[in-house]
Amino acid sequence: MDIITDRSRHGNSLVTMLSRWNHQHDNERKVLTLNVLLLGDKQSGRSSVGNALIGGHEFQTGTGVSMTTEFQVLSRNFPRYFRRQGAESDLTLRVIDTSPLPPHPQSVHELCPEGVHVLVVVVRADQSHENTHLEKHVERLFGPEWRLHALLVITHADYLEKAGLHPSVYLSQTSDWLTALSNEAAGGVLFLDNSCDWPLIRGQPLRDGVLRLSARNHHRAVKVRTEFTL
């Protein structure tokens with residue numbers, strides 16, 4: 001009976017030690033926080049892209065939604081999302097959805113004083129000719145290096161399927177500015193089909209694309225040029 005008790009105590013002691021080690025290990029696990037700014041025209045699908053990134057439905061979407069503030073900001077932590085320098089790291093995405101109007105530089109600076117890691121430019125596949133001003137506004141906000149931090153997301157990709165267009169054919173035949181941006185955006189191009197459940201199906205490729213682009217820039221953020229006004 002004494003032997004069983006000793007083993008039981010030893011087992012409990014071992015469990016306690018492991019529990020403390022795991023708790024300490026969790027506290028020591030590194031967290032990478034990335035500021036992700038969504039840019040696009042009205043009904044381009046910015047909020048849906050934001051929902052896909054955070055894996056939820058918190059960003060308001062739909063044609064009946066009117067943005068009462070200049071920004072919507074939501075954060076989501078993804079535990080043990082990737083390995084960095086041989087150790088598990090959490091990924092925290094801080095996603096900022098702008099209004100259709102050009103965001104004010106000072107507002108962006110106040111929200112992200114350390115800068116923006118990834119600029120997600122959102123364009124509807126069937127409205128690419130209506131966004132010709134977008135590049136100009138983004139460049140005035142962040143300067144010419146903004147393309148090094150840009151990921152182009154083309155929404156409503158089901159339009160291409162209905163039109164019988166392959167994505168590469170679409171990019172070669174679309175408006176000149178969008179063709180150029182698809183070649184210049186360092187993060188490349190992602191096509192999202194609005195007929196899918198975005199947060200569940202499309203979130204992972206989007207998050208991976210954001211993380212890859214930020215890592216390519218060594219997680220350096222681009223800062224807004226507050227000396228310019230739009």
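1. Let's start with strand β1, which spans residues 30-40 and is mostly covered, with 8 of its 11 residues buried. Please keep in mind that this is a predicted model. β1 has parallel partners: 9 bridges join it to strand β3 (residues 87-98), and 5 bridges join it to strand β4 (residues 118-124), again in parallel. If you want to check the register, Val-31 has Asp-90 as its bridge partner in β3, while Leu-38 stands opposite Val-120 in β4.

2. Next, the interior. In soluble globular proteins, nonpolar side chains tend to be buried together. Here the largest nonpolar core has 30 residues, and those with the most contacts inside it are Leu-37, Val-116, Leu-119, Phe-142, Trp-146, Ile-154 and Tyr-170. Two or more residues each come from β1, β4, α4 (134-142), β5 (150-155), α6 and α7 (176-184). Helix α4 gives the most to this core, with 4 residues. There is also a second, separate core of 26 residues, whose members include Val-120, Leu-151, Val-153 and Ala-186.

3. Val-116 is a handy residue to select in your viewer. Leaving aside residues up to four places away in sequence, Val-116 touches Asn-35, Leu-37, Val-108, Phe-142, His-149, Ala-221 and Val-222. Of these neighbours, Leu-37 and Phe-142 are also listed among the residues with the most contacts inside the largest core.

4. Now the aromatic rings. A search of the whole structure finds 2 aromatic pairs. One of them is formed by Tyr-170 and Phe-191, in an edge-to-face arrangement with 6.3 Å centre to centre and 80 degrees between the planes. Because Tyr-170 lies in helix α6 (residues 167-173) and Phe-191 in strand β6 (residues 189-191), the pair ties together parts that are 21 residues apart in sequence. Tyr-170 has 5% relative accessibility, so it counts as buried.

5. Helix α2 deserves a look too. The helix covers residues 46-54, and 9 of its 9 residues are buried. Among them are the polar or charged-looking names you may wish to inspect, including Arg-46, Ser-47, Ser-48 and Asn-51. Just after α2, Gly-55 takes a positive phi of about 70 degrees.

6. Finally, confidence. The mean pLDDT of the protein is 82, and 77% of its residues reach 70 or more. Two stretches with pLDDT under 50 are worth flagging. For residues 1-8, the model has 0 contacts beyond four places in sequence. For residues 63-68, where pLDDT also stays under 50, the model has 7 such contacts.

Technical notes:
Residues numbered from 1 in each chain as written. Heavy atoms only, no water. Phe/Tyr/Trp six-rings, centres within 6.5 Å; stacked < 30°, edge-to-face > 60°. Buried < 20%, exposed > 50% of the residue type's maximum accessible area, 1.4 Å probe, protein only. pLDDT = per-residue confidence, 0-100. Contact = heavy atoms within 4.5 Å. Pairing = 2+ DSSP bridges. Core = buried A, V, L, I, M, F, W, Y, C linked by side-chain atoms within 4.5 Å.
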